[in-house]
Amino acid sequence: MLRGSRLCKIRSRTWKKERLYRLQEDGLSVWFQRRIPRAPSQHIFFVQHIEAVREGHQSEGLRRFGGAFEPARCLTIAFKGRRKNLDLVAPTAEEAQRWVRGLAKLRARLDAMSQRERLDHWIHFYLHRADSNQDSKMSFKEIKNLLRMVNVDMNDMYAYRLFKECDRSNNEWLEGPEIEEFLRRLLKRPELEEIFHRYSGEDRVLSTSELLEFLEDQGEDGATLAHARQLIHTYELNETAKQHELMTLDGFMLYLLSPEGAALNLAHTCVFQDMNQPLAHYFISCSHNTYLTDSQIGGPSSTEAYVRAFAQGCRCVELDCWEGPGGEPVIYHGHTLTSKILFRDVIQAVRDHAFTLSPYPVILSLENHCGLEQQAAMARHLHTILGDMLVTQLLDSQNPEELPSPEQLKGRVLVKGKKLPAARNEDGRVLSDREEDNEDEDEEEEAGAAEQRRRAKQISPELSALAVYCCATRLRTLRSVLPQPCQVSSLSERKAKKLIREAGNSFIRHNACQLIRVYPLGLRMNSANYNPQEMWNAGCQLVALNFQTPGYEMDLNAGRFLINGRCGYVLKPACLRQPDTTFDPECPGTPRTTFTIQVLTAQQLPKLNAEKPNSIVDPLVRIEIHGVPADCACKETNYVLNNGFNPRWGQTLQFQLRAPELVLVRFVVEDYDATSPNDFVGQFTLPLSSLKQGYRHIHLLSKDGASLSPATLFVHICIQRS
């Protein structure tokens with residue numbers, strides 16, 4: 001891989017080009033050749049941005065266009081975020097295996113790296129780039145280039161003084177140990193040293209009792225001497241200190257940079273909630289127009305969009321089904337220029353990828369526009385492809401009083417669709433309209449076309465039989481005498497907001513027993529999203545978003561489902577699960593929690609324009625509170641001029657919260673601009689209930705959710721409940 005391989009890149013039936021791919025010496029990035037040379041940053045991709053490496057014809061691209069190549073020579077690199085798959089063919093099967101195995105090893109090594117090791121790799125990568133003549137020596141000019149690359153604009157006089165202090169040989173070059181000394185000084189963390197010395201005293205090492213005192217002040221659950229010893233044995237690098245059960249500053253820094261020292265509660269990163277409650281008691285990660293990779297007017301449809309949604313923890317996907325040629329139903333956004341994919345190919349993608357990340361049930365939300373014959377074909381494909389995965393009858397023969405639990409439905413696929421009523425018409429079939437809920441029909445299409453489809457619609461008994469626990473029904477009233485747990489209603493965001501505003505508590509009580517799906521307005525032609533928090537406040541379970549569109553709305557969705565093992569199911573707060581609840585998000589009562597956050601420093605923020613050496617960020621931090629309307633707020637720090645490497649703020653922001661159990665906290669870093677909107681640098685979103693107190697690092701993510709490691713925020717968090 002270091003020597004490089006000539007691999008054939010495949011984009012279409014006619015576009016198949018040989019390109020050179022070579023692993024960089026840092027082991028963390030791959031350089032690739034382009035027909036037209038571009039900026040250096042446009043010629044590499046990073047190992048940490050790879051979602052999966054698949055062997056053979058395991059992508060839509062290779063299945064469609066790679067038939068001429070034997071599967072053993074083929075591989076697909078799938079990326080996180082919106083970047084397209086890389087479909088490649090190696091000259092031999094052995095060469096393909098080298099890349100498959102090699103990338104798997106590099107990804108495993110990266111996952112096992114501590115934050116300190118990532119930082120070392122990161123700084124040495126830039127060091128290598130700054131050494132213009134690759135002589136392993138650094139002149140002052142090269143050091144200045146390095147500083148600009150890592151996002152710091154240091155005063156020339158101060159930078160030269162630091163350079164000369166490390167230039168032990170006094171020859172105007174830094175080499176070997178002198179470079180390491182310069183980097184050590186550059187990477188110093190004075191704020192961590194200050195905290196360490198506050199607890200360690202004069203001997204400058206932490207004993208187990210001193211470390212325990214720090215853990216107790218942090219508010220760590222179950223802080224004991226045994227836990228303090230375990231941390232020393234895990235993070236202390238100095239063997240002598242470890243033998244004497246002491247922690248040095250280096251060990252302390254490693255601990256605070258580790259997942260145990262992060263803002264997200266480590267215990268919440270695996271499944272920790274009760275998974276035996278009815279489905280209606282959970283928020284469920286849900287996608288709208290899942291098949292689209294871009295806008296809903298002319299964007300391409302792809303089975304890869306389903307694979308990506310499942311990789312993000314999605315548990316409810318949408319299938320817009322239309323009549324296709326040769327008796328085969330297709331999926332696309334009707335009456336638009338979006339491309340079409342086969343229904344059966346999507347069901348195969350569900351079979352192959354639905355349960356790779358989460359074992360809990362998947363709901364297929366069918367928007368059915370097919371005639372009776374192709375509906376029967378859909379039912380046949382569901383049966384033959386999914387087999388025992390498909391739920392075809394009630395788990396219990398009795399009519400259920402409540403929905404089954406995620407635990408009971410592990411590994412199963414539910415179909416959400418129309419159900420034939422008990423009293424059928426003469427031929428056993430009834431007219432049915434399109435998506436049962438679409439009270440906003442005129443917003444999505446011409447009324448004439450809607451009426452034409454409505455007339456053409458019928459339900460086949462074969463497809464009706466598969467709607468077992470998710471029978472699609474128009475929501476006519478919230479005052480049903482008996483709850484109908486197997487009925488699911490879909491509402492546009494406008495109708496849902498109207499119900500929240502006008503019905504409030506009645507809507508929440510309905511959602512304690514039955515599933516509700518909310519979808520974006522059809523007017524959102526560019527596949528923009530709405531704020532999902534409003535819907536979660538009312539207990540709506542299936543809040544459908546356009547997963548292909550990054551933005552704060554998808555950040556909130558990722559933050560909501562970050563916890564509980566990212567399994568796509570999060571237990572709703574108790575106030576949203578009780579059938580007789582009195583909770584109303586519009587009137588949540590008086591403040592009962594004070595949330596205080598001290599924004600201290602940031603580390604190694606990414607450059608926004610890697611091609612402009614003098615372009616250095618002026619970072620500020622914004623803390624956003626997303627919850628019930630009375631809790632929603634945002635506050636920000638001042639900006640720090642020309643320092644994305646180690647900016648310091650030391651500012652305190654405070655919030656009063658009325659419904660903390662629903663709150664999501666979004667940490668945002670932006671590049672301040674006086675004359676235009678600030679540029680996004682990074683963010684991290686998580687539930688307040690999963691936020692740990694004390695001194696914590698927040699590991700920032702990019703706009704599309706990829707890690708920006710080693711970029712972090714360092715904060716102090718205090719949550720006081722009255």
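Modeller: A polar contact here is a pair of N or O atoms within 3.5 Å. The model we are discussing is predicted.

Biologist: What backbone oxygen does the side chain of Gln541 reach?

Modeller: Gln541 is found in the loop between α20 (533-537) and β21 (542-545). Its neighbours, leaving out residues up to four places away in sequence, include Leu279, Ala280, Tyr282 and Phe283. At 2.9 Å, the side chain of Gln541 reaches the backbone oxygen of Ala280.

Biologist: Is Gln541 buried or exposed?

Modeller: Buried means under 20% relative accessible area. Gln541 has 0% relative accessibility, so this loop residue counts as buried.

Biologist: Which side chain makes a polar contact with that of Tyr235?

Modeller: Tyr235 is found in helix α9 (residues 225-235). Because its relative accessibility is 14%, Tyr235 counts as buried. Beyond four places in sequence, Tyr235 touches Met247, Gly251, Leu254, Tyr255, Ser258 and Glu260. The polar contact, 2.7 Å in length, is with the side chain of Glu260.

Biologist: How many Å apart in space are Tyr235 and Phe252?

Modeller: In sequence, Tyr235 and Phe252 are 17 residues apart. From C-alpha to C-alpha, the separation of Tyr235 and Phe252 in space is 7.4 Å.

Biologist: Which residues of α4 make the contact with α5?

Modeller: The axes of α4 and α5 are 11 Å apart, and the two helices pack at an angle of about 115 degrees. Their crossing is right-handed. On the α5 side the contact uses Asp156, Ala159, Tyr160 and Phe163, and on the α4 side Phe140, Ile143, Lys144 and Leu147.

Biologist: Which elements do the buried residues of α4 pack against?

Modeller: Helix α4 (residues 140-149) has Glu142, Ile143, Lys144, Leu146, Leu147 and Met149 buried. An α-helix has 3.6 residues a turn, so residues three or four places apart point the same way. The buried residues of α4 pack against α3 (115-130), β8 (137-138), α5 (156-166), β9 (174-175) and α6 (177-186).

Biologist: Which residue just after α4 has a positive phi?

Modeller: Most residues other than glycine have a negative phi. Phi is about 80 degrees just after α4, and the residue is Asn151.

Biologist: In which loop is Asn289 found?

Modeller: Asn289 is not a glycine, yet its phi is positive, about 45 degrees. Its relative accessible area is 1%, so Asn289 is buried. The loop that holds Asn289 is the one between β12 (282-287) and α12 (303-311).

Biologist: Where does Arg566 lie?

Modeller: Arg566 is a residue other than glycine with a positive phi, near 50 degrees. It lies in the loop between α21 (552-560) and β22 (569-571).

Biologist: In which strand is Pro710, the residue after the cis peptide bond from Ser709, found?

Modeller: Most peptide bonds are trans. The bond from Ser709 to Pro710 is cis, with omega near 10 degrees. Pro710 is found in strand β30.

Biologist: How many bridges join β23 to β30?

Modeller: Strand β23 (residues 593-603) has 10 of its 11 residues buried. With strand β26 (residues 648-657) it runs antiparallel over eight bridges, and the partner of Thr601 there is Arg648. In β30, Thr596 has Cys718 as its bridge partner. Strands β23 and β30 run antiparallel, and the bridges joining them number 10.

Biologist: Why is β27 largely enclosed, and which residue of β28 is the bridge partner of Leu664?

Modeller: Eight of the eight residues of strand β27 (residues 664-671) are buried, so the rest of the structure largely encloses it. Eight antiparallel bridges join strand β24 (residues 619-626) to β27, with Ile623 opposite Phe667. Strand β28 (residues 679-687) also pairs with β27 in the antiparallel sense over eight bridges. The partner of Leu664 in β28 is Pro687.

Biologist: Which strand gives the largest share of the largest nonpolar core?

Modeller: That core has 94 residues, of which Leu319, Leu364, Leu382 and Phe595 touch the most other members. The largest share, six residues, comes from strand β30 (residues 707-721).

Biologist: How many residues are in the second, separate core?

Modeller: Ile123, Ala130, Ala159 and Leu187 are among its members. The size of this second core is 26 residues.

Key:
Residues are numbered from 1 along each chain as its sequence is written. This is a predicted model: local features need pLDDT of at least 70, side-chain atom pairs count only at pLDDT 80 or more; totals for chains, interfaces and linings use all residues. Side-chain values use heavy atoms; hydrogens and water are left out. A nonpolar core is a set of buried Ala, Val, Leu, Ile, Met, Phe, Trp, Tyr and Cys residues joined through side-chain atoms within 4.5 Å. Buried means under 20% relative accessible area, exposed over 50%, partly exposed in between (1.4 Å probe, protein chains only). Helices (H or I, at least four residues) and strands (E, at least two) are DSSP runs, numbered from the N terminus. Contact means heavy atoms within 4.5 Å. A polar contact is a pair of N or O atoms within 3.5 Å; within protein, one must be able to donate a hydrogen and the other to accept it, and residues adjacent in sequence count only if both atoms are side-chain atoms. Two strands pair if DSSP finds at least two bridges between them. Axes are lines fitted to C-alpha atoms, for helices over the stretch in contact, and angles run from 0 to 180 degrees between N-to-C directions. A crossing is left-handed if the near helix is turned anticlockwise from the far one by less than a right angle, and right-handed if clockwise.
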